[in-house]
2 protein chains.
Amino acid sequence: MAATAAIEVSTDRRRTQAERSALAEQRMTEAAIELLNERGIAGATLKAIGEKAGYSRGLATHHFGSKAGLFRKVLKSVSVIWVDQLNRHVGEKTGLEALCTGLTAHYRFVRGYPRHVFAMQVLWLGSLDPGSDFKPNVAEFLRGQRKVAARWVEEGQAGGSIRGDIEPARLAEQYLGSIIGMLNQWQMSPGLSLKRMYQEYESYLRILVKP
Amino acid sequence: MAATAAIEVSTDRRRTQAERSALAEQRMTEAAIELLNERGIAGATLKAIGEKAGYSRGLATHHFGSKAGLFRKVLKSVSVIWVDQLNRHVGEKTGLEALCTGLTAHYRFVRGYPRHVFAMQVLWLGSLDPGSDFKPNVAEFLRGQRKVAARWVEEGQAGGSIRGDIEPARLAEQYLGSIIGMLNQWQMSPGLSLKRMYQEYESYLRILVKP
DNA sequence: ACTAAACTTGCTTGCCGCTAACAAGTTTAT
DNA sequence: ATAAACTTGTTAGCGGCAAGCAAGTTTAGT
């Protein structure tokens, strides 16, 4: 209590335990993202991650329990950024406008945080693997995104920008599926233009939902 | 040369060297598919694969050079089945009819060879990982599939089943992307109905390309 | 109020079972 | 006999665990 007045975050002196801990987790999460980009899941060893973050080989296990635990943290931290970006762009928009804005928000996200997106993608796709322990996290995230999109559709039908005989949940599946599929192809085949694919999909979407 | 007349595949006696070799590769490929379903990429160890196939821990390395080599073989063997199925179903069809038939062919493929499809999917998605050595194979396969779909579109425009102002390559990207995205979501969230998603996409496709 | 002991938490190191890959063997076909 | 198929020995590196060390925080005695 008495000595807390002298704390200075800018200087490296006298960190609080909680600060040290949080800093270590953040550094290791970032190191993990970096190494996932450079070397992939198998190549991103706990030793490399710990040392890249400026610590020892054992700290990641200590903080996150396991390699999967660390990756769960990475997944969570990236998806938080994405949800934030999405809310910022879409705001109070609804219907077709929200669907299209969501699309360009996603494009901006991919362009703005390419390393984060790639790491998320790697983990995401790796989650299908029965040996990975974060499949439920991904599944739940997807379910949430479908729900958001379905609500946009419902509101669009109420507002008149989307024709009424579309089942919102079905269109949401297609919408999310297209995004996944486009991103996927783009990651696999660098020659493709992600922007063009998104624009093309948007134009299809407009035709599709026209009342 | 002289003794080849007495070969009996049903009995285990006196196999030719080429036969032994081919049999071993086939058994190990199948064992790999099985183990990819049960335990994923990391869990499908060369030891487990070799022993499940009835051999020693070292034979897979001997035949395929590396774990990645074995997985390349799995990928190839499954994609051969898929291409065969596709050709069988689509035959000489063109245009919208070919696109829709391709869709149901894929659905039947998923239903008919679930373990093969799942293994392919796991490897496929794992190929995005910088550490995996079979990304080019997947990229080339995708490119080929896009080309096939684009030709269907072109022919459909010539035949009148698809409106002319669509760029074939773009629609092919969307088509393949949707298939990837639907399959992906279905694998991640078992509650979804793949059949319904495919039917839904088909109906969208029909609206989209109507001249 | 000050300080030193007691305690908690962050972090490192040594170890174990396991893996992929290679090299050197043994068995089997030709 | 010779070459191929196949097995076994070996090595470096992995993830995860447990023991131990170091730094931060609380508490008690003066």
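1. Start with A:Arg57: one of its polar side-chain atoms sits 3.4 Å from a base oxygen of DNA strand D. That fits a polar contact (a pair of N or O atoms within 3.5 Å; within protein, one must be able to donate a hydrogen and the other to accept it, and residues adjacent in sequence count only if both atoms are side-chain atoms).

2. Keep in mind that this is a predicted model, where local features need pLDDT of at least 70, side-chain atom pairs count only at pLDDT 80 or more, and totals for chains, interfaces and linings use all residues. Residues are numbered from 1 along each chain as its sequence is written, chains are lettered from A and ligands numbered from 1 in the order written, and side-chain values use heavy atoms, with hydrogens and water left out.

3. Now look at chain B. A side-chain N or O atom of B:Arg57 is 2.5 Å from a base nitrogen of DNA strand D, while a polar side-chain atom of B:Ser56 lies 2.7 Å from a phosphate oxygen of the strand.

4. There are 20 residues around DNA strand D, each with a heavy atom within 4 Å of it. Of the strand's atoms that come within 4 Å of the protein, 77% belong to sugar and phosphate.

5. How many residues does each chain put into the A–B contact? Chain A gives 47 and chain B gives 47, with contact meaning heavy atoms within 4.5 Å.

6. Between chain A and chain B, eleven residue pairs are in polar contact (both at pLDDT 80 or more). Salt bridges (a side-chain nitrogen of Lys or Arg within 4 Å of a carboxyl oxygen of Asp or Glu) number zero there.
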